[in-house]
Amino acid sequence: MAIAYLNEGAISLAAANWSDATGFANAATLVISSGSQTITTSLDQSGLTAGIDTLDILPGFTGRIGGSGYGSLKVDADESTTNRIIYNAGGGSAYFQASGDNSIISNFWMSSLGSAYLTGGTFSNVVLGQGSLSVDSTTVLTDPIFDGGAAVVQAGTAATSLTVRGGSHVWKRGATTINVYGRGRLNIDCAGTAITTLNILSSEAEVVLSSSGTITTVNNWGRLLADKITRAITISTYNSGPAGFLADSPSYLTRSAIGRLGAKNI
């Protein structure tokens, strides 16, 4: 399907405001390339029977999409070829909700000077390179990757995996596996929710453990700061590399088995 571009300055996503006079349609490939306006109407595109293929929001756009009083852009993107939304705006903000046929956005990629808010549905592959990302409690993330920027993920459905390779982030839900690399910084504050494996995989990586349920295994080659926890947390197996650092809270942190790891620096 040919690429359709939103007309300069349009404040509605209605069909007439797209270069092909159609805009949102099954398997559509859409681009918002410029503008500084606030887009306020025709945000609910959840009625499509199969969903769009792609929506790319480029650096030339510095406006807002949805928000307080307007709601989120509601759309499904999971049944065509690429199945993605790219949010690379040069500023501003945008609200997105996976909604419609299957309520899934298969790929959400963000490297923006703006802020994005995910407000429901399932986002299967979120990659954050730059900018501010907020995820509410109703949104499901399966395997997010945070390469930079700042994300705050509220309590909700546990993820299969979380990968942090840069930036500073707050994680308030469980996960089967959490991997923190490079200079990534992660604050885990998931109350009583369990984590199966926490890997801190470089000497400069840092995890602040504020709260969690039982963590089955921690493999620490970096920094684990658990000295500020105020409720008991059990780490069933704690393994430390040569440079692994643990700021402990002896009254509240229990390590049932302690081991040593070989050198590692990723």
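**Salt bridges and overall architecture of the chain**

K228 counts as exposed, with a relative accessibility of 66%. This value and those that follow were computed from a predicted model. The side chain of K228 meets that of D227 in a salt bridge, with an N to O distance of 3.1 Å. D227 is partly exposed, because its relative accessibility of 35% falls between the limits of 20% and 50%. The pair therefore joins a partly exposed acidic residue to an exposed basic one.

The structure holds 7 salt bridges. One of them is formed by D147 and R165, whose closest N and O atoms are 2.7 Å apart. This pair links distant parts of the chain, the two residues being 18 residues apart. D147 belongs to the loop between strand 14 (145-146) and strand 15 (150-153), whereas R165 belongs to the loop between strand 16 (159-164) and strand 17 (168-171). Both partners are classed as partly exposed, D147 with a relative accessible area of 32% and R165 with one of 43%.

A further salt bridge brings together the side chains of E204 and R183, at 3.4 Å from N to O. E204 is placed in the loop between strand 20 (195-200) and strand 21 (206-211), and R183 in the loop between strand 18 (175-180) and strand 19 (185-189), so the contact ties together parts of the chain that are 21 residues apart in sequence. E204 is partly exposed, with a relative accessible area of 47%. R183 has a relative accessible area of 63% and is exposed, because the value lies over 50%. In addition, salt bridges link R185, E206 and R223 in a network.

The secondary structure consists of 26 strands, with 0 helices in the chain. Among the strands, 3 form an open sheet in the order 9-11-13, with parallel pairing. The edges of this sheet are strand 9 (104-105) and strand 13 (139-141), each of which pairs on one side only. Strand 11, which spans residues 121-123, pairs with strand 13 in the parallel sense over 3 bridges. Within this pairing, G121 stands opposite T139 of strand 13.

At the level of domains, the chain is divided into domain 1, covering residues 1-117, and domain 2, covering residues 143-266. The centres of the two domains, taken over C-alpha atoms, are separated by 34 Å. Strand 9 (104-105) thus has its residues within the bounds of domain 1 (1-117). D147 and R165, joined by the salt bridge at 2.7 Å, fall within the bounds of domain 2 (143-266).

Along the principal axes, the C-alpha atoms of the chain fill a box of roughly 65 × 35 × 30 Å. The radius of gyration is 21 Å, which agrees with the value near 18 Å expected for a compact globule of 266 residues. Buried residues account for 49% of the 266 residues in the chain. The chain exposes about 10,500 Å², of which carbon and sulfur atoms supply 49%. Of the contacts between residues at least 6 apart in sequence, 32% join residues at least 24 apart.

Notes: Residues numbered from 1 in each chain as written. Predicted model: local features only at pLDDT ≥ 70, side-chain atom pairs only at ≥ 80, totals over all residues. Heavy atoms only, no water. Pairing = 2+ DSSP bridges. Helix = DSSP H or I, 4+ residues; strand = E, 2+ residues; numbered from the N terminus. Domains from an automatic or database assignment. Rg over C-alpha atoms; globule rule 2.2 N^0.38 Å. Buried < 20%, exposed > 50% of the residue type's maximum accessible area, 1.4 Å probe, protein only. Contact = heavy atoms within 4.5 Å. Areas by Shrake-Rupley, 256 points an atom, 1.4 Å probe, with all protein chains shown as cover. Salt bridge = Lys/Arg side-chain N within 4 Å of Asp/Glu carboxyl O.
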